[in-house]
Amino acid sequence: MMKLFVENIHDRNLRISVLGSGYVGLPTAALFAAAGFNVTAIDMKSKIVKNVNSGVSPINEPGLQELVSHNVQSGKLTAALNSDTTLNQEDVIVICVQTPIDKNKKPNLSFLLNALENVGKNLKKQMLVAVCSTVPPRTMQEKVKPLLESLSGLKADVDFYLAYVPERIAPGKALKEFVESPRLVGGVGSNSTKIAAELFRTVCKKIIETDATTAEIAKTAENTYRDVNIAFANQLAIICEQHGADITKVIELANTHPRVNIHTSGPGVGGPCLTKDPYLLTHQSKPADYDIIKTARKINDNMPKHIVKLTLQALKNTGKDVKSSKIAILGTAYKANVDDSRFSPSESIIQKLKTLGAETIAYDPHCTSTFGAKKATSLHESVKDADCLIIATDHNEFKNLNLTEIKQSMRSKPTIVDGKRIINPNEAEKHGFTYYGVGYGKPRCRQ
Ligand code: SAJ
């Protein structure tokens, strides 16, 4: 039986359905179609389905538009609404639905469980179900497997194959990373691992076989490691501010040690992954006596407040009151060069400044959201008559700002609060700005 499945993978003689066609699902569907499989990208949003079926990628991701239009034209890729799909003709189901956290920071697995209900009712012998959504440890063994077995009356790893294959792609380089980053494949049993590994080998250059629970913990550990490391950099930044040192130099020097790799401090951690996965990793673990993971989350969540604190100091030092100040925010995307503003640090920065009575205006060349700030359509419009300029995202467009022009547009005694440390403090001061930056201790004691 397994031999036949493997032959069908090699012959591309399998129908694949991808459930959830967002940032992860659509690249997944498009790449399997490009590898020669017949793929259906399924979603609950009719706009996504319509766009894909007319050859248009609803997601702005390098290379995805070409891949979608080419494979829709060749007939390898189609899209369908959840409600119009029965899933009973499929050989492989790849689940890429979102697994967010609720307001109490608890995982909300409802999208995953709904998808599984549908899969379980249509499960046949010799199907493969691959879950790519990020999940808390033991979800595959304790939730996914029993649910599919009870709905279908079939046995996992014997009658059908079931594996956890976490995605590791970052927005902005999704296709490249999908193909080139090593892909973890963890089955609920060894047959499932082998079958899923064979399928993903058709699109990923390197496959690492493991078990489902190890893959679940490894996936959430990766983003948690990054979050904890960034929290360390952020705490270090505040220490540097207090001692008149510069975090950029401190990290650069510390990282010359061959076993040190400190990440970059900034205005906070945004995006849908690092802000959530630490909670998934620790969900249902016994509370730790001392919890580095939750403390790191708090440090990073506090950074937007720190930016506001620096802004208030900057305004005070130039004799201005926040209530009568106009503040320009550059960047609402959660990170550089993407059009995604989910959980962006700018959101809390803008909201706090508004609560304090400041007039806020935001400019982002990639993103439409402004979180309640006035929307500027150009950099020039955003800085005009502003008292303070906050850098919240390090888009390429912001890396070589014309400080002479900006100084001329802003009000007298202008200040810069550089959350991403992309402006040279000496240059800013030479141009007549009062400069504050994350991790930039004023050089009073740097001699
Ligand atoms: N950030 C810092 N300092 C840094 C690096 C990032 O403050 O040194 C901030 C960014 O500005 C951003 C946030 O962290 O606000 C998250 O950015 P990111 O580049 O770390 O990650 P994501 O959320 O875009 O993608 C991550 C990636 N995980 C890792 O690099 C370990 C990606 O590979 C995962 O696939 C993705 O999460 C996911 O979907 O889980």
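In which pocket does the ligand sit? The ligand occupies the second largest pocket. A molecule counts as sitting in a pocket if more than half of its atoms lie within 2 Å of its grid points. On a 1 Å grid over the protein atoms alone, a pocket is an open set of points with protein on both sides within 12 Å along at least five of seven lines.

A word on the model: it is predicted, so local features need pLDDT of at least 70 and side-chain atom pairs count only at pLDDT 80 or more, while totals for chains, interfaces and linings use all residues. Residues are numbered from 1 along each chain as its sequence is written, and side-chain values use heavy atoms, leaving out hydrogens and water.

Let's look around the ligand. Its shell holds 21 residues, with Glu 167, Lys 219, Asn 223, Arg 226 and Tyr 334 the closest; a residue belongs there if one of its heavy atoms lies within 4 Å of the ligand. Helix α9 (residues 212-243) gives the largest share, five residues; helices are DSSP runs of H or I with at least four residues, numbered from the N terminus.

Three side chains place a polar atom at these distances from a ligand oxygen, and polar contacts are pairs of N or O atoms within 3.5 Å:

| Residue | Distance to a ligand oxygen atom |
|---|---|
| Lys 219 | 2.7 Å |
| Tyr 334 | 2.5 Å |
| Lys 335 | 2.8 Å |

Of the 770 Å² of accessible area that the ligand has on its own, the protein covers 86%, by the Shrake-Rupley method with a 1.4 Å probe.

Key
Polar contact = N/O pair within 3.5 Å; in protein donor to acceptor, adjacent residues only side chain to side chain. 1 Å grid on protein atoms, 1.4 Å probe; cavity = no way out; pocket = protein on both sides within 12 Å on 5 of 7 lines; lining within 4 Å. Helix = DSSP H or I, 4+ residues; strand = E, 2+ residues; numbered from the N terminus.
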